[in-house]
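These are my notebook entries from a reading of one chain. I kept them in the order in which I looked things up.

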Amino acid sequence: MLNVLRAATVVDVRDQMDLRIRAMTTPEAAGRRFLGTGEFMWMRDIACALRNGLGDQGTRVPTRQPPVAGERPSAKAGC
């Protein structure tokens with residue numbers, strides 16, 4: 001059976017670095033833990049965002065989502 005990652009939490013790397021720098025330079029942060037989480041997105045939505053944001057290069061980004069075992073394939077393929 002094929003396991004397919006269908007969703008992810010997306011975080012901008014600049015936000016992660018800002019969090020890390022603040023955690024290292026703020027005295028009140030010593031010994032504490034911080035979570036840098038972001039927006040939940042379906043992989044199809046991530047693919048559509050890439051396709052739409054990359055212009056001509058985005059035409060090669062696949063948007064068809066593989067079916068899960070026992071599920072019928074979806075006819076939706078466009079963004």
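The entries below go from the whole chain to one helix and then to one aromatic pair.

Entry 1, overall layout. I note at the outset that the model is predicted. I looked up the secondary structure and found two helices and two strands, arranged β-α-β-α from the N terminus.

Entry 2, burial and surface. I checked how much of the chain is buried: 13% of its 79 residues. The exposed area comes to about 6900 Å², and 55% of that is supplied by carbon and sulfur atoms.

Entry 3, contacts. I took the contacts between residues at least 6 apart in sequence; 61% of these join residues at least 24 apart.

Entry 4, helix H1. I recorded that H1 covers residues 13–25. Its 13 residues reach 18 Å from the first C-alpha to the last, close to the 18 Å expected at 1.5 Å a residue. I then asked how many residues of H1 are buried. The number is one of 13, so H1 lies largely in the open.

Entry 5, a nonpolar patch. I found Val13, Met17, Ile21 and Met24 together in a nonpolar patch on the surface, with about 430 Å² of accessible area between them. Val13 belongs to H1. I classed Val13 as exposed because its relative accessibility is 57% and the cut-off for exposed is over 50%.

Entry 6, aromatic rings. I searched the whole structure for aromatic pairs and obtained one. Phe40 and Trp42 form this pair, edge-to-face, at 5.3 Å centre to centre and with 80 degrees between the planes. I asked whether the partners are buried or exposed. Phe40 is partly exposed at 49% relative accessible area, and Trp42 is partly exposed at 46%.

Key:
Residues are numbered from 1 along each chain as its sequence is written. This is a predicted model: local features need pLDDT of at least 70, side-chain atom pairs count only at pLDDT 80 or more; totals for chains, interfaces and linings use all residues. Side-chain values use heavy atoms; hydrogens and water are left out. Patches are made of residues with over 30% relative accessible area and no salt bridge: like charges are joined within 9 Å, nonpolar side chains (Val, Leu, Ile, Met, Phe, Trp, Tyr) within 5 Å. Accessible areas come from the Shrake-Rupley method with a 1.4 Å probe; for residues, only the protein chains shown count as cover. A salt bridge is a side-chain nitrogen of Lys or Arg within 4 Å of a carboxyl oxygen of Asp or Glu. Buried means under 20% relative accessible area, exposed over 50%, partly exposed in between (1.4 Å probe, protein chains only). The expected span of a helix is 1.5 Å times one less than its number of residues. Rings of Phe, Tyr and Trp (its six-membered ring) pair if their centres lie within 6.5 Å; planes under 30 degrees apart count as stacked, over 60 as edge-to-face and the rest as tilted. Contact means heavy atoms within 4.5 Å.
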